Amino acid sequence: MHRETKVVVIGTGFSGLGMAIELKRRGEHDFVVLEKAADLGGTWRDNSYPGCACDVPSHMYSFSFEMNPKWSRMFARQGEIFGYLQRVAEKYRLRPHIRFNTKVSGAQWDDEAKRWNITTEQGDTYTAQALVAGVGALHIPNVPELPGIENFSGKAFHSAQWDHDYDLTGKRVAVIGTGASAIQFVPKIAGQVASMKIFQRTPPWIMPKADREINGWEQKLFRALPFTQRAYRNFVYWTRESSALGFAVNPKIMQFAQGIALRHMKKQVPDPALRRKLKPDYTMGCKRVLISNDFYPALGNPNVDLVTDKISEVREKSVVDSSGVEHEVDVIIYGTGFHVVDSFDYLDIQGKGGVDLAKQWRQEGIETYYGITVSGFPNLFFLLGPNTGLGHNSVVFMIESQIRYISQCLQLLEKHRAEELDVRVEAQQEFNEELQQKLTKGVWTQGGCKSWYLDAQGVNRTVWPGFTWRYWMRTKRVRAEDYVLTTAAR
Ligand SMILES: Cc1cc2nc3c(=O)[nH]c(=O)nc-3n(C[C@H](O)[C@H](O)[C@H](O)COP(=O)(O)OP(=O)(O)OC[C@H]3O[C@@H](n4cnc5c(N)ncnc54)[C@H](O)[C@@H]3O)c2cc1C
């Protein structure tokens, strides 16, 4: 099947759905949304592991134009967020635009026709004036290549591919990693399994989680008087925004938060030897700051062990650590996160003159303009692209800023009757110099850790360095002078 359309959007997470809503809002109905999975929802479809929840309060971690007065908890669980996205898609009648089970395998810019040719693994092709990639930064599971894993005869799965048909009751479990997902599922399954060995490479900083049920009267208030929910959302936004000072401006400010985290640990972990294993040796914020009230107590269960020696080998029925201790296990659960900086390697995008985007980024480093456009790749837009992730606030805020920006770019094309909009290389360079300068002062570089925020050269290609309101302000209006607009000679 071949189809010509104005805009192709990839992905149905917050990004893709938000973009589709904006296109419809501005009266553009000639677009398709391609989704490789059988359902919509992105992160919140894939991560169904026990205990999965957001770690930014739900009143902030949702679309600003589609607030949900019915959130049942401060930090909604996966099912509720998944349901929210489903309802949003129904309300805005997005489903007719979505092609499920359609994985984009490549996109080539046709210099003459000034169109993107998009190919899918299923054999369908699309030609579009604009391509919007909402492919997500955390969606390709990162499964480490443990030596000897091919000999393991038990069960093994990643937290984002949880096997709900596999009963963990009475099983001996190895959990690899103590990141954001592991600290959520460990407490939920610790009481069910026979034994659990948690293999920790680097301990995370863990803050108390201000979670609770939202009362019926609060929900009624939010429904009856939406401005009260808006006010609460603003309160959450500005409270979180203030923490950017420690992340981006002066990492020394983090000492205050570290004190809170250490007191939290002391209260929940009575054993000083275990506390020593759990105490991070880098500045808070260098890696993602986690929140939990039940991870530390779970470690106190008699059937749970924290192993801090590296994994040296996996055998048929065991995991062997670098001290030579053999841990017999029936199942390995990878809480090892996602491919982040290299996630774009999986998309084969060729721009002007056939330049390969992934290759260019591998050779020269990942550079974009505000994480949205890339010089030499006209009419291509990223949502939640490089350097627009966050450690302190809701990325939905960033996504909405980007959607507004892309919408303006499309309007610019129309207004000038242009076929091609390409960011000027000087504008992109200037932006990246400023960006990297700011990042070097931030905790991600100064904090003394290695994290998935950094690429192989230690350059941060993932987070936005600082206040999100600044990003919002700077992307509020597209500066036409930063772009070359070309009309097709057809
Ligand atoms: C467990 C977990 C909890 C999180 N909690 C928070 C939080 O509390 N606060 C926060 O700010 N962020 C959080 N995040 C980050 C989260 O990823 C983002 O908040 C947000 O959901 C990203 O939305 P997205 O639409 O950009 O990407 P995704 O939700 O990842 O959606 C991308 C979609 O694109 C599809 N896709 C990808 N490649 C292709 C292709 N080639 N062809 C077709 N379709 C494709 C995928 O199947 C997917 O549906 C969390 C992430 C995880 C994993």
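**Notebook: two domains and a ligand**

I began with the division of the protein, which gives domain 1 (2-140 + 339-487) and domain 2 (149-210 + 235-334). I note here that the model is predicted. I looked up the separation of the two parts and found their C-alpha centres 30 Å apart.

**Entry: the interface**

I asked how many residues of each domain are in contact with the other. The result is 37 residues of domain 1 and 33 residues of domain 2. For the area buried between domain 1 and domain 2 I have about 3,100 Å², with carbon and sulfur atoms giving 59% of that area. I then looked for the main contributors on the side of domain 1. Tyr-49, His-392 and Val-443 supply 21% of the area that domain 1 buries against domain 2, and no other three residues supply more.

**Entry: polar links across the interface**

I searched for charged pairs between domain 1 and domain 2 and got a count of 1 salt bridge. I also looked up Asp-55 and Arg-288, whose side chains meet in a salt bridge with an N to O distance of 3.0 Å. For polar contact across the interface of domain 1 and domain 2, I wrote down 16 residue pairs.

I checked which helices supply at least two residues each to the side of domain 1 that touches domain 2. They are helix H14 (443-446) and helix H15 (468-474). Of these, H14 gives the largest share of that side, 3 residues. I also sorted the residues on the side of domain 1 that touches domain 2, and they divide into 20 nonpolar, 13 polar and 4 charged.

**Entry: the ligand**

I turned to the ligand and listed 34 residues around it. Ser-15, Glu-35, Thr-43, Asp-55 and Tyr-61 come nearest. Asp-55 is thus on this list and also in the salt bridge with Arg-288.

I looked up three distances to oxygen atoms of the ligand. For Glu-35, an N or O atom in the side chain is 2.6 Å from a ligand oxygen. For Arg-45, a polar side-chain atom lies 3.0 Å from an oxygen atom of the ligand. For Phe-14, a polar backbone atom is 3.1 Å from a ligand oxygen.

**Entry: salt bridges in the whole structure**

My last search covered the whole structure and returned 29 salt bridges. I looked up the pair of Glu-414 and Arg-26, whose side chains meet at 3.5 Å, N to O. Where do these two residues sit along the chain? Glu-414 is in helix H12 (residues 395-415), while Arg-26 is in the loop between helix H1 (14-25) and strand S2 (31-34). The pair links distant parts of the chain, 388 residues apart.

Technical notes:
Residues are numbered from 1 along each chain as its sequence is written. This is a predicted model: local features need pLDDT of at least 70, side-chain atom pairs count only at pLDDT 80 or more; totals for chains, interfaces and linings use all residues. Side-chain values use heavy atoms; hydrogens and water are left out. Domain bounds come from an automatic or database domain assignment. Contact means heavy atoms within 4.5 Å. Buried area is the accessible area (1.4 Å probe) that two parts lose on being put together, summed over both. A salt bridge is a side-chain nitrogen of Lys or Arg within 4 Å of a carboxyl oxygen of Asp or Glu. A polar contact is a pair of N or O atoms within 3.5 Å; within protein, one must be able to donate a hydrogen and the other to accept it, and residues adjacent in sequence count only if both atoms are side-chain atoms. Helices (H or I, at least four residues) and strands (E, at least two) are DSSP runs, numbered from the N terminus. Ala, Val, Leu, Ile, Met, Phe, Trp, Tyr, Cys and Pro count as nonpolar, Asp, Glu, Lys and Arg as charged, and the others, Gly among them, as polar. A residue is near a molecule or strand if one of its heavy atoms lies within 4 Å of it.
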